[in-house]
Amino acid sequence: MATLLKRLLRFRTPPAALGRSVGRHEASLGIDPGTAVRVRFAPSPTGFLHLGGLRTALYNYIFAKKHQGSFILRLEDTDQSRLVPGAAENIEDMLEWAGIPPDESPRRGGPAGPYQQSQRLALYAQATEALLKTGAAYPCFCSPQRLELLKKEALRSHQTPRYDNRCRNLSQEQVAQKLAKDPKPAIRFRLEEEAPAFQDLVYGWSRHEVASVEGDPVILKSDGFPTYHLACVVDDHHMGISHVLRGSEWLVSTSKHLLLYQALGWRPPHFAHLPLLLNRDGSKLSKRQGDIFLEHFAAAGFLPEALLDIITNCGSGFAENQMGRTLPELIAQFDLTRITCHSALLDLEKLPEFNRLHLRRLVSSESQRHHLVGQLQALVEEAFGTRLQDRDVLDPAYVERIILLRQGHICRLQDLVSPAYSYLWTRPAVGRAQLGAISEKVDVIAERLLRLLEKSGVSLTQDVLNGELKKLSEGLEGTKHSNVMKLLRVALSGQLQGPPVAEMMVSLGPTEVRERIQKVLSS
């Protein structure tokens, strides 16, 4: 780089605008016939994937799939000091868990790889050389200490910190002298005074006069790693990105990026800046909250379908806010032109209801129900382990019956291994004294229930049992039907609250109900 700079000292005149003018988009989505739609999700692996990142990835995914395009995952890992171990793998793992896997990625590969910026340094160096050659960029020798002093002075004067462009006007001789002492300076991009206007597909026509409020930005650091501004432009160009769908916090930087495209002679993609996803009270989602990471929701038993549904339901991009949309429905109904500039307010207190809805939908599908049975079996083994009773409570038919009976009553499969449902998997320890406190006619009630189970022609359906159970209290003077049901509930589950006794009996099955009632009689 130092040799190149010495060779290019004579190129000090800022370049004329190169390439076609940008920012004149039609009112359409900018999808040209014969041009492939290619979008990218480009997170920094400085943390695990959270709901805000999932939403950006989802909008990119459904836009690509709606227009028969490609969804690319690119990891912007140039800030090596802030990388979090395992974050890169987590991001791709969670996209796959959510059901929106990339078509091209570090793991999957693809024609435009590599897909990690730390492996693309040669491309950034080439672009920087081109900018130095035309005079659109220049070396900066300012020390970190000087830059920090500039920042402190600006803040002390209640001004926005900005670089004072000191190195922009160094003579050839001054640059040569400084290169001899510092052969690896940072490289800054020379901002033009008039930034091009552009039509954002969400925010409409915009222009940000970045040169009047910012100093010339660093595009290549002295260690050879690019900053975001250069890297995203170079990568989007070489990866053939047609549309950039990213957070609205980057809207003000777009003019700067368009100046880079212009200086490099490249055609820019179309831009659509997505409004922020905020907490219900309007505060910003923060990684420090902890519970916004996808791993948290997956471990807590929330379905990816429910997360995709709630983060699109609270925002825009669809004709109406409809609860319960599946991913194919999101793709079919998505309309980028319907995205508004208003932030989306996320109410996570509603997530259990979203999850309940999607869980019921999965239960209604025989193939999906098979997967749920396997998941619940694993949860039961993990929760109860050696406390599982002798009978085969992990029998798939039994587990499936539990799921079918409790669908609509639970929000997550994990609910079925909570203490309230422990009676389904382990036999309760119930003493006669505990039952006697409810009714002194324990033996009579237990024997009547056993005779009911032995009656020929009685089908153990919930409706039939409800009718038969009402007859158990007939002739029992001084004993209310409600107390009979309370006694049976405690005998079967060890709990005063729970599902109707008839449902408990159907869940447990006649053999297990008989075992538990006989245990009452023998105690």
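Start by selecting histidine 158, which you'll find in the loop between H5 and helix H6 (172–181). Keep in mind as you go that this is a predicted model. The backbone does something worth a look here: phi of histidine 158 is near 60°, a positive value in a residue other than glycine. Is this histidine 158 buried or exposed? Exposed, with a relative accessible area of 76%.

Stay in that loop and select asparagine 165, since it also sits between H5 and H6. Asparagine 165 isn't a glycine, yet its phi is positive, at about 60°. Its surroundings are another matter: asparagine 165 has 16% relative accessibility and therefore counts as buried, the cut-off being under 20%.

**The second largest pocket**

Now select Pro161, Arg162, Tyr163, Arg188 and Asp216. Of the 15 residues lining the second largest pocket, these lie nearest its centre. The pocket's volume is about 370 Å³. Which helix gives the most to this lining? Color H5 (residues 144–156), which supplies four residues. If you color the whole lining by residue type, you should get six nonpolar, two polar and seven charged residues.

**Strand E4 and its partners**

Arg188 takes you straight to the next stop, strand E4 (residues 186–189). Show the side chains: Ala186 and Arg188 point one way, Ile187 and Phe189 point the other way, and all are buried. That fits a general pattern: in a regular strand, side chains alternate between the two faces of the sheet.

Next, bring up the strands paired with E4. Strand E3 (residues 137–140) runs antiparallel to E4, and four bridges join them. Click on proline 139 and look across to isoleucine 187, its bridge partner in E4. Strand E7 (residues 218–220) pairs with E4 too, again in the antiparallel sense, over two bridges. From isoleucine 187, the bridge partner in E7 is leucine 220.

**Strands E8 and E9**

Select residues 270–274, strand E9, where five of the five residues are buried. Both faces are covered, with His270, Ala272 and Leu274 on one side and Phe271 and His273 on the other. Add strand E8 (residues 243–247): five bridges join it to E9, and the two run parallel. One pair to pick out is valine 244 with its bridge partner in E9, phenylalanine 271. How does the chain cross from E8 to E9? Follow it through helix H9 (residues 254–264), and you trace a right-handed β-α-β crossover.

**Back toward the start of the chain**

Now go to strand E1 (residues 38–41). Arg38 and Arg40 point one way, Val39 and Phe41 the other way, and all of them are buried. E1 pairs with strand E2 (residues 70–73) in the parallel sense, over four bridges. Look for arginine 38 standing opposite serine 70 in E2. To get from E1 to E2, the chain passes through helix H2 (residues 51–66), in a β-α-β crossover that is right-handed.

On the way along the chain, pause at proline 114, in the loop between helix H3 (87–97) and helix H4 (121–134). Zoom in on the peptide bond from glycine 113 to proline 114: this one is cis, with omega near 0°.

**Out to the other domains**

Zoom out and color by domain. The domain assignment gives domain 1 (119–274), domain 2 (365–422) and domain 3 (432–522). How far apart are the C-alpha centres of domain 1 and domain 3? They lie 77 Å apart.

In helix H15 (residues 396–406), select arginine 406. Arginine 406 is buried, with a relative accessible area of 7%. Then add arginine 360: it is 46 residues from arginine 406 in sequence, but the two are 9.6 Å apart in space, C-alpha to C-alpha.

**Last stop: a cavity**

Finish by selecting Arg427, Pro428, Val430, Ala491, Arg516, Lys519 and Val520, which line the second largest cavity. About 70 Å³ of space lies inside this second largest cavity. Helix H21 (residues 510–522) provides the largest share of the lining, three residues. By type, the lining of this cavity divides into four nonpolar, no polar and three charged residues.

Notes: Residues numbered from 1 in each chain as written. Predicted model: local features only at pLDDT ≥ 70, side-chain atom pairs only at ≥ 80, totals over all residues. Heavy atoms only, no water. Domains from an automatic or database assignment. Buried < 20%, exposed > 50% of the residue type's maximum accessible area, 1.4 Å probe, protein only. Pairing = 2+ DSSP bridges. Right-handed = clockwise from strand over helix to strand, strands pointing away. 1 Å grid on protein atoms, 1.4 Å probe; cavity = no way out; pocket = protein on both sides within 12 Å on 5 of 7 lines; lining within 4 Å. Points joined across faces, edges and corners; volume = space filled by probe spheres on them. Nonpolar A, V, L, I, M, F, W, Y, C, P; charged D, E, K, R; others polar.
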